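Here is a colleague's note, written for someone who is meeting a structure of this kind early in their studies. Please keep the sequence and the model open beside the text, and look up each residue as it is named.

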Amino acid sequence: MLVLRRANLLKIHFSLLRKVNIKGGNMLQTYFSRYGGLTFLCLLICLVIAPPAIAQNVGGVFGPEITPNSRALEFRTAFAPPSDGRPDRITSRLHYQQTVTDNLRLRAVIQGADTNVSGFDFDLVQFEVQYQFLEDERDGIDSAIRIDLLINDDVGPNLVSFNSTTDVPLSERWYLRGVVLAQVQFGPDRNDGLFLQTRSSLRYKINDTVNVQAQVFNAYGSTADFPDFRDQVHSVGPAVATKLGQGWSLEASTLFGLTNASSDVDFRIFLAKSF
């Protein structure tokens, strides 16, 4: 029954993609008819073998590169099946971003979750400012800093996050990306210390349209009282990203937890439209 429900969720995602009304409306259908079989098989395997999960990660291994005069809208969703008495849970996130100069970009994020028990609940809003200060063509690598302001709903602390991200080309097809996040909580429910995270990915560019990745997410806890490794959050998994044409892009990934505190699995789909 659980496998069937996961497969049905995947079918819904792909049917929605095919129904998106864009210029050249048959473009997505043409794409999936050519390349969708392998992608669908990979995603279905990830769904079927995935163990139960209790939380969702809709964060990304975000890159430093900023495209001048660009705007984009992105929807992300992550699915967790029932576990330990908890109901199905789908976390969803929507963000809009726009460049204001050739190397400065603003982004606004809203996020919420849906369960069979409570329906959709708003979780947070987030505002981001990213500045790219190194460019591959000039400096050999791409690098940027980003500052985030996250405002939670009634539950949980608010935070300010100071982040850096760097892309290092290893060859014409291989790329290494590293992200560091340092977060300070504020508000009545705040915790002391600096909360540290790292994210990384090793990316292989198959062609100008498709790339595959191995992604790693690490959350170490607070410098005020670092928890034991088993109580930290560490996860790893594969990802496939592809350009669909007409400004559309899709990334599908699965993260598997490595510690007791980590979610067993997060299955994620990111769908973006650039303008």
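1. A surface patch, in the sense used here, is made of residues that have over 30% relative accessible area and no salt bridge, and nonpolar side chains are joined into one patch when they lie within 5 Å. Please also keep in mind that this is a predicted model.

2. With that definition in hand, which residues make the nonpolar surface patch? The patch covers about 740 Å² and is made by L73, F75, L94, Y96, I110, F120, F122 and F275. Three strands, namely β1 (71–80), β2 (89–101) and β4 (119–134), each supply at least two residues of this nonpolar patch.

3. One member of the nonpolar patch, I110, deserves a separate look, and you will find I110 in strand β3, which spans residues 104–115. Because its relative accessibility is 45%, I110 counts as partly exposed, since that class lies between the limits of 20% for buried and 50% for exposed.

4. F79 is found in strand β1, and here the accessibility tells another story, because a relative accessibility of 9% places F79 in the buried class. It is also worth locating R89 in the model, for the C-alpha atoms of F79 and R89 are separated by 6.1 Å, although the two residues are ten residues apart along the chain.

5. The surface also carries a patch of negative charge, in which E65, D102, E135, D136 and E137 gather. Of these residues, D136 lies in helix α3, which runs over residues 136–139, and D136 counts as partly exposed because its relative accessible area is 31%.

6. Turning to charged pairs, a student may recall that side chains of opposite charge can pair when their charged atoms come close. How many salt bridges does the structure hold? The structure holds nine salt bridges, and the next three points take up some of them.

7. D148 forms a salt bridge with R146, and the closest N and O atoms of this pair are 2.8 Å apart. Both D148 and R146 are buried. These two residues also belong to a wider arrangement, for R107, E128, R146 and D148 are linked in a network of salt bridges.

8. D167 forms a salt bridge with R203, with the closest N and O atoms 3.8 Å apart. This pair links distant parts of the chain, since D167 sits in strand β6 (residues 158–169) and R203 in strand β8 (residues 195–205), 36 residues apart. Are the two partners buried or exposed? D167 is buried, because its relative accessible area is 8%, and R203 likewise counts as buried, because its relative accessibility is 13%.

9. The side chains of R230 and D228 also meet in a salt bridge, with a distance of 3.6 Å from N to O. Here R230 counts as partly exposed because its relative accessibility is 49%, and D228 falls in the partly exposed class because its relative accessibility is 43%.

10. The strands may be followed in order, beginning with strand β5 (residues 142–152), which pairs with β6 in the antiparallel sense over nine bridges. Within this pairing, A144 stands opposite T165 in β6. The hairpin of β5 and β6 has five residues between the strands, and in this hairpin G156 takes a positive phi near 100 degrees.

11. Strand β6 also runs antiparallel to strand β7 (residues 174–186), and twelve bridges join the two. F162 has A182 in β7 as its bridge partner, and the hairpin that joins β6 to β7 passes through four residues.

12. Strands β7 and β8 continue the series, pairing in the antiparallel sense over ten bridges. A182, already met as the bridge partner of F162, has L196 in β8 as another bridge partner, so that a reader can trace one line of residues across these strands by eye.

13. Lastly, eleven bridges join β8 to strand β9 (residues 210–222), and these strands run antiparallel. Which residue in β9 stands opposite L202? The residue is A214, and the hairpin formed by β8 and β9 has four residues between the strands.

Technical notes
Residues numbered from 1 in each chain as written. Predicted model: local features only at pLDDT ≥ 70, side-chain atom pairs only at ≥ 80, totals over all residues. Heavy atoms only, no water. Patch = residues over 30% accessible without salt bridge, like charges linked within 9 Å, V, L, I, M, F, W, Y side chains within 5 Å. Areas by Shrake-Rupley, 256 points an atom, 1.4 Å probe, with all protein chains shown as cover. Salt bridge = Lys/Arg side-chain N within 4 Å of Asp/Glu carboxyl O. Lys, Arg positive; Asp, Glu negative; His and termini not counted. Charge placed at Lys NZ, Arg CZ, Asp CG, Glu CD. Buried < 20%, exposed > 50% of the residue type's maximum accessible area, 1.4 Å probe, protein only. Pairing = 2+ DSSP bridges.
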